[in-house]
Amino acid sequence: MDGNSKSKNGKNGDDGPKHTEFSESQEKGEPSQIEHEPTPMPKNKHKEDKHENRDEHDIQVTDEIPPEIEELLHTDSKSGLSTDEAQTRLERFGKNEISEYKQNRFLKFLSYFRGSIAYLIEITCIVAAIVRDWTDFGIILALLFVNASIGFIEETRAESALDSLKQSLALKSRARRDGKLVELNAADLVPGDIVALRIGDIIPADCRLLGTGVSGSETETYLNIDQSALTGESLPVNRKKGDCVFSSSTVKQGQMLAVVYKTGAQTYIGRTATLMNMSADQGHFQKIINKIGNFLILITVLLVTIIFVYQVVKFRNTEQGDVLVILQDVLVLTVAAIPVGLPTVLSVTMAVGAKQLASKKVIVKRLTAIEELASVSVLCSDKTGTMTLNELKFDEPWLSPGYKKSDILLYAYLCSEQSTSDAIEMAVVAAAKQGLDILKDHDDEHDVPGYKIKSFTPFNPSVKYSKSTVMNLETKETFQIAKGAPQVIVKLTGREDTTNAVTDLAKRGLRALGVAKTVDKDLDKWELVGFVCFLDPPRPDTQETIHKCKNLGVKIKMITGDQVIIAKEVAHRLGMGRVILDANHLIDPGKSLDEITAHCERADGFAQVTPEHKFRVVELLKKKGYLVGMTGDGVNDAPALKKANVGIAVAGCTDAARSASDIVLLAPGLSTIVDGIITSRAIFQRMRSYALYRITSTIHFLLFFFFIILILNWKLPAILLILIAILNDAATIVISVDNAKISNTPDKWRIGQLITLSFLLGICLSGFSFAHYFIFKDVIGVTDGELQTIMYLHISSAPHFMIFSTRLSGFFWENIPSIMFIAAILGTQIFALIISVFGWLSPKIPLSIAVTILCISLGIFVILDIIKVIVFKYWSFELTAKLWPTPRRRARLTTRNREREKSRQVRGNFLKLQKVLLLVKVIRAFHGNEDNENNENNENNNEKNEENNKNNNEKNDENNKNNNEKNDEKNKNNIGNSKSNQ
């Protein structure tokens, strides 16, 4: 099918998953004779010849080609397309390039002025201009531009994912046109073009190999293709006549002609670009800020509108009833109430955090990714090159009796090709040089100390082994060595009894090579030395990283293009679960979306995946409510990286992966992710504490002034209100460097809890403010001017000191703030005290009263801290569902209770099973003791019998000796008698 359609069964087409096909035979690096259920082949694939040679671990991704395209692929390989025909097809299919979209940088800057809070600030700014309050207008406008500039500067990310993908296409290609082999721009290739592929070439489009050389002669050779950046396979793969090769793969060995069948956006890599364009979700952090903003806007507009209408009605036909005057008063109240500094403080906090992460080799490209990383609960990780080294390494070999590890390394080395780029041969040579003392400081690749290689036959695909003739220079013995496919070496040596060992290696996903040598100076008598095994091993720090992530409440899921058995072996070595499913579970037409999503939740990983599969895993987990992180390094990871809440490109990644990601790791492997998670959670705690403080302050401010204006028509001078807003928000910017208590589980905003607690604390603060007002006005009896100063100092300090409480979910003394944070908060209130004592902006008050007010504010903060701890202690989802029983909450509560009961039953059954196993162990131990006693008795009886036998033997020997002596004496007597008779 073409790239714009999708087959009904979901198995083909550019928007659907690709076919995965496994070869039925093996070459020298195959893991043996394990069989797989065959996967349906595309209609247009050429039949495999009987002597096909492909690695069983090779996952071949192929396209089903529609008939209308197939008709265009029968181009004569000797003449190629004509120029006119190529031009016609170019007009029909378009250029072999990926279309791109670039956002105007000015429009990108304007996008930072969007959002609930930003809209309210902008409306307020317009109103300020209408009433000609230029002071407020300037302050509000400055805050808007400061916030937008911080976001734009810190978040300016290289939106070059499509550019990188485009650059991945080969710029030049050799194609046959009008009977001549000419060099063309890759963008000018069309379906049906004949292209020449040779070692080192980047494949310019999706092609089908023709099995002929540039000269036109048939060739039996293979192309060795590195497509790890596309499919995630850990080794180059072999492709032969009729096989498909994909754009942006690299030819490692061989040369062959191929016919182009897909170009541009229809190619494998082009579809990846399409998936990346589909990933344009609104960020999680922006959604949270919008929710907070919508709530604050709602209560601000509601209460301020009521005040405006009330004053217009009450003071109509008076000077105080002038609409512009009332509007100006309401404007000041609005400016002081709305959290104009909220986006700025949060942006600065994340910007400071980004610099902290940079020092740990974690580069943040999108600022809000810091907050999202703190909330990530599932981390989907690519295997090849991320969890593993992406290098074939020597594993523990299987040895025949009488042979050692050093023996098999030596014989394998003596039968290896030294100057080659073949990954398996290079792994054998590297393992031998590292494991054999005689080769460690030996530079001559063609000579082995103590041995002479008399002849060498490289690997032959038809017989599937290489062979060498070697002479031992010390003993002058000549012998042969064979190294190749395990089943071939088993047959050569006649060791059919080792078939189970070969199968076991295959089931573990190990690539095995059999090694044999001739013995007894008979060059036709072969003996099996053993099997050398290879695997792309885990990075040294990966297992520890996974363990740390689990302790932080983050579940790791392996997502790889490699085969299931390889993924399971790597997962086992990393201490992960081994529930690794193949990609078919993601597209099974017989399962509902909920069942497929459940597979994604339960599985420890997926294998044999394409970019669409990775994209789908991330998409399903996000729809289920998880915040998903995705790590990767290849072009095949780019769509999922962009779709995830946090895309993380690891060290050594491709440009496409780097451009699609939000965070880039500079250190190899995943270890720096732990640093990133811990730092991001500290930043999250700072942002949440500020949000709680700011929402509470807004609610307190609005409630107090709403009622006191309506009931008593009392208000503070505008300059004092603006000063409170500016100084307090400016001081709280230092929260970005405050000490933070790290959570051991993924952080969540819990908007319901945040707003409820803010309301409760805001109401309590309002109550204290009213008490403060009436005590000083009616009990102490201060003047109206002094009352304004007293309430200014109270409203400035009481909510501000509360930030010492909101920074923690526990009591305020459990984690001490940083010195800079304490200095900034206390500094602003000392400044407010000085203003109040000296009367710079309002009538002055005595120092004693000013200090008393600050002490009372500190006491209020302690009381509110106790209330906060109680709320956090008893708050739960069950409580929320009871207090606000919406249908959705009730359904979620029912589901949670059902899952909790199921988990309880599973734990109970597990404990019962443990008891049974313990009982069986005790019984076995008891029987073991009885057997030991019987054995001891038998041993004692045997010893006694042996001793009796020994004594009997001694007596028999003594009796025999006595009898012999008597017989000798009788014989002597008889002899004497005979002589006498004579």
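**Exercise 1. Determine which residue of strand S10 stands opposite asparagine 224, and how S7 pairs with its partner strands.**

Solution. Asparagine 224 stands opposite glutamine 253 in S10. The model is a predicted one, in which local features need pLDDT of at least 70, side-chain atom pairs count only at pLDDT 80 or more, and totals for chains, interfaces and linings use all residues. Residues are numbered from 1 along each chain as its sequence is written, and side-chain values use heavy atoms, with hydrogens and water left out.

Step 1. S7 and strand S10 (residues 250–253) form an antiparallel pair over three bridges; two strands pair if DSSP finds at least two bridges between them. Strands (E, at least two residues) and helices (H or I, at least four) are DSSP runs, numbered from the N terminus.

Step 2. Strand S7 (residues 223–226) also pairs with strand S8 (residues 237–239), in the antiparallel sense over three bridges. In S8, asparagine 238 is the residue opposite asparagine 224.

**Exercise 2. State the strand order of the eight-stranded open sheet and examine the pairing of S23 with S24.**

Solution. Step 1. The order is S12-S25-S24-S23-S13-S20-S22-S21, with mixed pairing.

Step 2. Strand S12 (362–364) and strand S21 (580–582) occupy the edges; each has a single partner strand, so one side of each lacks a neighbour in the sheet.

Step 3. Neighbouring strands of this sheet are turned by 20 degrees against each other on average, direction ignored; the axes are lines fitted to C-alpha atoms, and angles run from 0 to 180 degrees between N-to-C directions.

Step 4. Strand S23 (residues 628–632) and strand S24 (residues 646–649) pair in the parallel sense over four bridges. Methionine 630 is placed opposite glycine 647 in S24.

**Exercise 3. Locate the two partners of the salt bridge between lysine 95 and aspartate 188.**

Solution. Step 1. A salt bridge requires a side-chain nitrogen of Lys or Arg within 4 Å of a carboxyl oxygen of Asp or Glu. The structure holds 22 salt bridges.

Step 2. For lysine 95 and aspartate 188, the N to O distance is 2.8 Å.

Step 3. This pair links distant parts of the chain, 93 residues apart: lysine 95 lies in the loop between helix H2 (83–93) and helix H3 (105–110), and aspartate 188 in the loop between strand S4 (180–185) and strand S5 (194–197).
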